[in-house]
Amino acid sequence: MAMIEKYDGAVTLRDGGPVPSAPDTAAREKTMAYRILRAHEKGARDGGKMRIAFDAMISHDITYVGVIQSARASGMTEFPLPYALTNCHNSLCAVGGTINEDDHAFGLSAAKKYGGIYVPANQAVIHQFAREKLAGCGKMVLGSDSHTRYGCYGTMGVGEGGGELAKQLLQNTWDTDPPEVVLVWVDGSVPHGIGPHDVAIALVGATFPDGFVKNRVMEFAGPGIAALSMDFRIGVDVMTTETSCLSSIWVTDETVRDYYSDIGRPEDFAPLAPEDGACYDRMVTIHLDEMEAMIALPFHPSNAYTLHELQRDPAGILAAVDEACNKSLGGGVTMNLRRCVGTDGLVRCDQGVIVGCAGGMYENLSEAAAILRGKSVGNGYFDLSVYPASAPVNLAVLRDGISEEFLRAGAVMKPCFCGPCFGAGDTPANATLSIRHATRNFANREGSRPADGQIAAVALMDARSIAATAANGGVLTAATDIDYDVPARTYHYDDSVYQKRCYFGFGKADPSVELRFGPNIRDWPHMPRMEENLLLRLCAVIHDDVTTTDELIPSGETSSYRSNPIALSEFALSRRAPDYVGRSKVVRALEEARESGSTDTETAALFARFGADAADTTIGSCVFSHRPGDGSAREQAASCQKVLGGFANICYEYATKRYRSNCLNWGIVPFTMERTADFPCENGDWVYVPHVRSGILAGQEAFPATLLCADGSVHEVTLLCAGLSDEEKQIVTEGCLMNYYAARNTKN
């Protein structure tokens, strides 16, 4: 029996168990997901889309300045729902002088002015605070971070770009096509030494590559859930983001009731379960009994192997990983994980990290410390860092002696911080392997810079096996292969630090408060609207299977400039297509000249070639890739393109709904095309799309276009832009969300 099994067909719950059935969209309404979605629908549907109003929102300090600035520019005067601003991403960055703390001061002043919740640096990582303060059974929470997942608390979490949060602040809606629902049936019990990350990596490895749950809701049920602790459940749930699902929801039981009682919010518990007869579009079965210790090798959480597989053939597996990594790195630097294999055939790691919303939970830390009790991480190259997820968790590990056990073993205890998850903390040495209980292991997120000849690799593992490896001097070791006692400790929540340090201001807006602007906080520049026709120049052509958000706009030190749109745009695609910024600026200058009534000889020749009129033809830059937008929800992946004059993406499909939404909200037309289409494009080629503005507004979904290649060849192609709501049509043709609101306010 496999650890994870997939069934690509409808199933219906009958008498407490799933049975194959015919599809039944009416019976889909009996799922937990649809009951919650329906309860949050607001107003009439737009083009068949569900229009959702959330109960609460949350952002961190890479995203909240942009969200608030967008909403301010669009007319917001008060936060209409609880909105928490956490400071867990740039709390340790020194890049740019005062700019990080300037943004934190802006955040606190905004919370006071508009009635928000402010969480100072090192108090909590974003998602742990949401679990403790915003989640509730039957609620929905929207976050400007992709790992907004609170399903095991009975809350549907959705991660989106900042534009979607700005819409909620303006009392608009999150619009989505009615999603399919996948039943995740959990059975069996967890073997000794297996942790939540083992289950999560196996789940991601089974479902991400073929898009089995992409843009669907994962609904967890089954007899195996009852014995799982809340920390174990959330450790799996938070990683559902990496499957590319839309959201998640779990059954709630006495364990969930006890959780809400412990955190002092018993009224937020409600029993949730699918109704008998609930129909699901697909099913995934998790067999907990079969689980093995797992590792996700670079550069994706789905690159999953059992540790025993890797131990049996380290040279062969790592050679294959090296080949795939080096292909994606484009030759600028060479990955050589085989150097980690010693003459004895054992894999040696150089760093271990247990961190954040996935790793920094009490039970992970408690069990990892127990494995290290009386042992040492040694004085060699291997080191271990531990980051609790919140101040309450930190208080508990101090109170219960867990921190002492880590420190006595030679580990380093650090504050509540997300840095290692996105490349702003615990950067490993060049050409080394870091093992992490974290959410992601994309290229560059660990801090390496291929353009400068620097490369390191991150593999994801559970905290238990990381501790076992640490106790073995860095030699890769599965926790299932060692003897240890699981400590009989119980987590008790204490939020007294929150009460002393956090600002809880929802419903207390004070318009007299002046916003604090640091010198790096800039308003958005002018965003031109789309004219009738588009003349696009391809400024980045990427042929990788997937292009991540971190390749579109690198994380790490670049994020320090997130409040300065122009400065941040200088980093766009810098680690994947270094010439993109320069090419885009040239195109932007052509558009600025066109707007002022000036046209150079080359552009005039292009207008003549296509029979276009300069007065109603926008010139913009464009990115072509196969499947862009996997990973982070950061809207900067799209906004930086817009700042540089971007007006379209062309791809075969979008890796996530959230990236496509980011494109729409920033006036970037999210074109797709059939994968079988002939599109022999290169950097510098031109694409002309006539009558795109009127076509989009009229509901047209297929657009004839012409590709003019540098070699003079011409190709007629069809670009697709399907499924836009009436509001999305207005937003993208007006040039961006802010333009849309400005135009609407002017009309009113």
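**Note on the predicted model**

1. Arg594 lies in helix 20, which spans residues 580-595. This is a predicted model. Arg594 counts as buried because its relative accessibility is 8%, and the cut-off for buried is under 20%.

2. What does Arg594 touch beyond its neighbours within four places in sequence? The contacts are Glu531, Phe607, Ala614, Ala615, Asp616, Thr617, Thr618 and Ile619. Two of the names on that list are acidic residues, Glu531 and Asp616. Arg51 is elsewhere: Arg594 and Arg51 sit 38 Å apart, C-alpha to C-alpha, with their positions 543 residues apart in sequence.

3. Asp550 belongs to helix 18, residues 549-552. Is Asp550 buried or exposed? It is buried, with a relative accessibility of 1%. With neighbours within four places in sequence set aside, Asp550 contacts Phe442, Arg445, Ser555 and Arg634. Arg445 and Arg634 count as positive, Asp550 as negative.

4. Ser403 is part of helix 14, which covers residues 402-409. Its relative accessible area is 5%, so Ser403 is buried. Outside the four places on either side in sequence, Ser403 is in contact with Val397, Leu398 and Met413.

5. Helix 16 runs over residues 463-471 and is mostly covered. Eight of its nine residues are buried. These are Ala463, Arg464, Ser465, Ile466, Ala467, Ala468, Thr469 and Ala470. Arg464 is thus on the buried list, along with Ser465 and Thr469.

6. What do the buried residues of helix 16 pack against? The helices are helix 6 (196-207), helix 9 (307-312) and helix 12 (362-372). The strands are strand 18 (351-354), strand 19 (383-386) and strand 21 (433-437). After helix 16 comes Gly473, with a positive phi near 70°.

7. How many disulfides are there? The count is zero. Take Cys651 as a case. The closest cysteine sulfur to that of Cys651 belongs to Cys663 and is 8.1 Å away, so the pair is too far for a bond. The cut-off is 2.5 Å. Cys651 is buried, because its relative accessibility is 0%. Cys357 also counts as buried, at 7%.

8. On overall dimensions, the protein chain has 748 residues and a radius of gyration of 25 Å. A compact globule of that length would come out near 27 Å, so the two agree. Along the principal axes, the C-alpha atoms fill a box of roughly 75 × 60 × 60 Å.

9. The secondary structure comes to 26 helices and 32 strands. Of the 748 residues, 64% are buried. Among contacts with a separation of 6 or more, 77% join residues 24 or more positions apart.

10. On the surface, the protein chain exposes about 24,700 Å². Carbon and sulfur atoms supply 50% of that area. As for charge, there are 66 positive and 93 negative charges, and their mean positions are 4 Å apart.

Key:
Residues numbered from 1 in each chain as written. Predicted model: local features only at pLDDT ≥ 70, side-chain atom pairs only at ≥ 80, totals over all residues. Heavy atoms only, no water. Buried < 20%, exposed > 50% of the residue type's maximum accessible area, 1.4 Å probe, protein only. Helix = DSSP H or I, 4+ residues; strand = E, 2+ residues; numbered from the N terminus. Rg over C-alpha atoms; globule rule 2.2 N^0.38 Å. Contact = heavy atoms within 4.5 Å. Areas by Shrake-Rupley, 256 points an atom, 1.4 Å probe, with all protein chains shown as cover. Charge placed at Lys NZ, Arg CZ, Asp CG, Glu CD.
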